[in-house]
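Here are a few exercises to work through with the model open in your viewer. Try each task before you read its solution.

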Amino acid sequence: MQVEIVTPVGEKFSGEAVAVRARGMVGEFGVLPGHRDMLTALGTGVCQVQETAHGEPVRFLLDEGYLQVSKDGRKVIIVTELAERPQDIDVNAARTAHDAAKSDLEANSEAVGTAAWKVKQHALDLARARLELCGAL
């Protein structure tokens, strides 16, 4: 199946794949060739594009967006605000950002559910996903 990952700054991936795994808003899911047509919201997390049956997947950090499966499972389009590869990430900076976001969120625990708290939670989710992508979590 054809897979495309697109951000506001351009295309981050385009190629054939045998599987895609991504994090949706309510959990992880996979797409295989022949999947039913669908459109779903993505959460912040690691996405894996399996180009061959036995090779290592191409991994990306995706920061929310949408995934569409079309043409009877022959095409997957991911539109996201951010798509980073492991080599794009400074692990030390990601650790620092994670620790700062975690402390900031813990210091504001009385504001759970507010818009400000959701922004802080998103910063922590993004930092955690960067560390997960790099294998540092």
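**Exercise 1. Find which residues line the largest pocket of this predicted model, and sort them by character.**

Solution. Start with the list: the lining consists of Arg-23, Gly-24, Met-25, Gly-43, Thr-44, Glu-64, Asp-125, Arg-128, Ala-129 and Glu-132. Next, map these residues onto secondary structure: β3 (19–24), β5 (38–50) and α2 (115–134) each give two or more residues to the lining. Of the elements, α2 gives the most, with four residues. Now sort by character: five residues of the lining are charged, three are polar and two are nonpolar. Finally, the space in this pocket comes to about 150 Å³.

**Exercise 2. Compare the span of α2 with the expected value, then find which of its residues are buried and what covers them.**

Solution. Begin with the length: α2 has 20 residues. At 1.5 Å a residue, 28 Å is expected, and the distance from the first C-alpha to the last is 29 Å, close to that value. Then pick out the buried residues, which are Trp-117, Leu-124, Leu-126, Ala-127, Ala-129, Leu-131 and Leu-133. Notice that Ala-129 is on this list and also belongs to the lining of the largest pocket. For the cover, look at β5, β6 (58–70), β8 (83–84) and α1 (91–107), which are among the elements over these buried residues. One last stop is just after the helix, where Gly-135 has a positive phi of about 75°.

**Exercise 3. Glu-64 and Asp-72 each have a positive phi. Where does each lie, and is each buried, partly exposed or exposed?**

Solution. Take Glu-64 to begin with: phi is near 55°, in a residue other than glycine. Glu-64 sits in strand β6. Its relative accessible area is 34%, so Glu-64 is partly exposed. Turn to Asp-72, where phi is also near 55°. Asp-72 lies in the loop between β6 and β7. Here the relative accessible area is 55%, and the cut-off for exposed is over 50%, so Asp-72 counts as exposed.

**Exercise 4. Place Arg-74 in the fold and find which residues it touches beyond its sequence neighbours.**

Solution. Arg-74 is in the loop between β6 and β7 (75–80). Its relative accessibility is 53%, so Arg-74 is exposed. Leaving out residues up to four places away in sequence, Arg-74 touches Met-1 and Gln-2. To finish, check a distance: His-98 is 24 residues from Arg-74 along the chain, and their C-alpha atoms are 37 Å apart.

Terms used:
Residues are numbered from 1 along each chain as its sequence is written. This is a predicted model: local features need pLDDT of at least 70, side-chain atom pairs count only at pLDDT 80 or more; totals for chains, interfaces and linings use all residues. Side-chain values use heavy atoms; hydrogens and water are left out. On a 1 Å grid over the protein atoms alone, a cavity is a set of points where a 1.4 Å probe fits but cannot get out, and a pocket is an open set with protein on both sides within 12 Å along at least five of seven lines; lining residues have an atom within 4 Å of a point. Grid points are joined across faces, edges and corners, and a volume is the space filled by probe spheres set on the points. Ala, Val, Leu, Ile, Met, Phe, Trp, Tyr, Cys and Pro count as nonpolar, Asp, Glu, Lys and Arg as charged, and the others, Gly among them, as polar. The expected span of a helix is 1.5 Å times one less than its number of residues. Buried means under 20% relative accessible area, exposed over 50%, partly exposed in between (1.4 Å probe, protein chains only). Contact means heavy atoms within 4.5 Å.
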